[in-house]
Amino acid sequence: DYFCAIADAISLPVIVQDASSYVGRPMSIAMQARLFERFGPRVMYKPEAAPPGPRLTQLRDATGGQAAIFEGSGGLALVESFRRGIAGTMPGTEVVDAIVALWRALQAGDPKRIEQLSQPLCALVSLQGSLDAFLAIEKHILRRRGVFKNTLVRGPVGYVLDGATRREVDRLLDRLLAAVAS
């Protein structure tokens with residue numbers, strides 16, 4: 001009812017982000033499908049509840065394959081999600097060039113390029129096991145790439161990027177950027 005009240009109040013598109021993988025209990029597929037039934041294609045989805053692949057398929061099927069569904073795992077599930085019929089992806093900004101290259105490889109059906117890009121991308125994203133880790137690593141990458149001047153994260157935080165992880169992030173980022181450039 002809460003989402004319906006919001007959607008009724010505005011006529012703009014609404015993206016429903018089920019961020020339960022890091023903030024709580026997942027939204028039910030049935031509730032999300034009811035939103036689509038009521039408001040049609042102006043309701044789009046970014047499912048992040050675990051397990052992402054099966055839940056994406058359930059949402060796709062519950063909306064008759066008509067809803068626009070976006071992947072949002074930083075690229076970790078992009079290959080699988082693409083094969084399940086997503087409309088697009090909503091990544092963070094730190095490696096958006098790699099995400100674009102991977103999307104193009106998926107559209108082209110280029111398995112060699114898909115593997116070349118997805119392996120270092122997935123390894124890099126897998127280091128981001130919590131929201132705090134994601135923020136610390138993303139800011140490190142954005143600083144390294146010249147976008148941010150520092151890596152400050154507002155507290156309280158439950159994760160601080162240590163030297164060993166920073167070196168692994170840098171190694172994987174170098175590998176990913178080399179794959180993007182090739």
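**Salt bridges, nonpolar core and helix H7**

Biologist: Which residue forms a salt bridge with Asp61?

Modeller: A salt bridge is counted when a side-chain nitrogen of Lys or Arg lies within 4 Å of a carboxyl oxygen of Asp or Glu. This is a predicted model, in which local features need pLDDT of at least 70 and side-chain atom pairs count only at pLDDT 80 or more, while totals for chains, interfaces and linings use all residues. Residues are numbered from 1 along each chain as its sequence is written, and side-chain values use heavy atoms, with hydrogens and water left out. With the closest N and O atoms 3.0 Å apart, the salt-bridge partner of Asp61 is Arg60.

Biologist: Is Asp61 buried or exposed, or does it fall in between?

Modeller: Relative accessible area, computed with a 1.4 Å probe on protein chains only, is called buried under 20%, exposed over 50% and partly exposed in between. The partner Arg60 has 26% and is therefore partly exposed. Asp61 has 48%, so its class is partly exposed.

Biologist: How many salt bridges does the whole structure hold?

Modeller: Glu80 and Arg84 meet in one of them, at 2.7 Å from N to O, and Arg144, Asp170 and Asp174 are linked in a network. Lys46 and Glu48 form another, with closest N and O atoms 3.1 Å apart, and both of these residues are buried. Searching the whole structure gives a total of 8.

Biologist: Which helix gives the most residues to the largest nonpolar core?

Modeller: A nonpolar core is a set of buried Ala, Val, Leu, Ile, Met, Phe, Trp, Tyr and Cys residues joined through side-chain atoms within 4.5 Å. The largest has 39 residues, of which Tyr45, Val95, Leu102 and Leu124 touch the most other members. With 7 residues, the greatest contribution to this core is from helix H6 (residues 96–108).

Biologist: Where does Thr63 lie?

Modeller: Beyond its neighbours within four places in sequence, Thr63 contacts Ala33, Phe36 and Tyr45, where contact means heavy atoms within 4.5 Å. Thr63 is buried because its relative accessibility is 7%. Helices (H or I, at least four residues) and strands (E, at least two) are DSSP runs numbered from the N terminus, and Thr63 is placed in the loop between helix H4 (52–62) and strand S3 (70–71).

Biologist: How far apart are the end C-alpha atoms of H7?

Modeller: The expected span is 1.5 Å times one less than the number of residues in the helix. For the 16 residues of H7 this gives 22 Å, which agrees with the end C-alpha atoms being apart by 21 Å.

Biologist: At which residue of H7 does a kink lie?

Modeller: The bend at a residue is the angle between axes fitted to the seven residues ending there and the seven starting there. In H7 the kink is about 25° and comes shortly before the proline Pro120, at Ser118.

Biologist: Which elements are included in what covers the buried residues of H7?

Modeller: The buried residues of H7 include Ile114, Leu117, Leu121 and Leu124, whereas Glu115, also in this helix, is partly exposed at 46%. Their cover includes helix H5 (78–83), H6, helix H8 (131–144) and H9.

Biologist: Where in the protein chain is confidence lowest?

Modeller: pLDDT is the predictor's confidence in each residue, from 0 to 100, and the chain averages 91, with 94% of its residues at 70 or more. Where pLDDT is low, the predicted coordinates should not be read in detail. Confidence is highest in helix H9 (residues 163–181), at 98, and lowest, at a mean of 67, in helix H1 (residues 2–9).
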